[in-house]
Amino acid sequence: DATTEAKHVADANLGIAPEVQIRSADGPFVPPPIIRSWLHHAIVEVTKNAMMSTVEKWDDQPLHQKQSLPSNILIDVSRDTDFMSIRVVDNGIGLNADRSDKAFQFAASSTQKRWDRIDEQQSYAAVRQPLGSLG
């Protein structure tokens, strides 16, 4: 599932992955029968970002204040007959003023490792599994 995929990527790139708790306001969480690929991708990306931010904040804590593990990521899911709402909550570093206006723009990223040319993206995709980076 998407959260497991995000945990694998975070663990491989950060050396640790926060736990993910999924809650449903409608009782026990039951995954929808069909998850479209774009929704799966969106959940993976948002969860990876939450994990990266949480681990970054956890790493920056002084040793005497640091918990043994980073705080959990919480995913709240609610739905009715026509809509599903997914809310991801983390205790990460948050958005600074410089990045907040670009945070939800298409293809915007604050990560340092970005491709300069589309052909590099295509060659990278040919040898790596999808979503294999934190970019």
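Me: Two strands pair if DSSP finds at least two bridges between them, so what makes β2 and β3 count as a pair?
Reply: In this predicted model, where local features need pLDDT of at least 70, side-chain atom pairs count only at pLDDT 80 or more, and totals for chains, interfaces and linings use all residues, the evidence is a number of bridges. Six bridges join β2 to β3, and six satisfies the requirement of at least two, so the strands pair; they run antiparallel. One of the bridge partnerships links Asp76 with Arg87 in β3, and a hairpin of four residues leads from β2 to β3. Residues are numbered from 1 along each chain as its sequence is written, and side-chain values use heavy atoms, without hydrogens or water.

Me: How do you know that β1 and β2 pair, and in which sense?
Reply: Strand β2 covers residues 73-79, and five bridges connect β2 with β1 in the parallel sense, with Ile22 bridged to Ile75 in β2.

Me: Why is the pairing in the sheet called mixed?
Reply: The open sheet has three strands in the order β1-β2-β3; β1 and β2 pair in the parallel sense, whereas β2 and β3 run antiparallel, and the pairing is mixed. The edge strands, β1 (20-24) and β3 (84-89), each pair on one side only, and the twist from one strand to the next averages 20°.

Me: Why are α1 and α2 called oblique?
Reply: The axes of α1 (residues 2-14) and α2 (residues 37-60), lines fitted to C-alpha atoms over the stretch in contact, cross at roughly 40° and come within 8 Å. Angles under 35 degrees count as roughly parallel, over 145 as roughly antiparallel, 65 to 115 as roughly perpendicular and the rest as oblique, and therefore α1 and α2 are oblique to each other. Their contact (heavy atoms within 4.5 Å) includes Ala6 and Val9 of α1 and Val44 and Met51 of α2.

Me: What makes the charged end of Lys66 count as sitting over the ring of Trp58?
Reply: NZ of Lys or CZ of Arg must be within 6 Å of the ring centre and within 35 degrees of the ring normal; the charged end of Lys66 sits over the ring of Trp58, 4.7 Å from its centre.

Technical notes. Axes fitted to C-alpha atoms, helices over the stretch in contact; angles between N-to-C directions.
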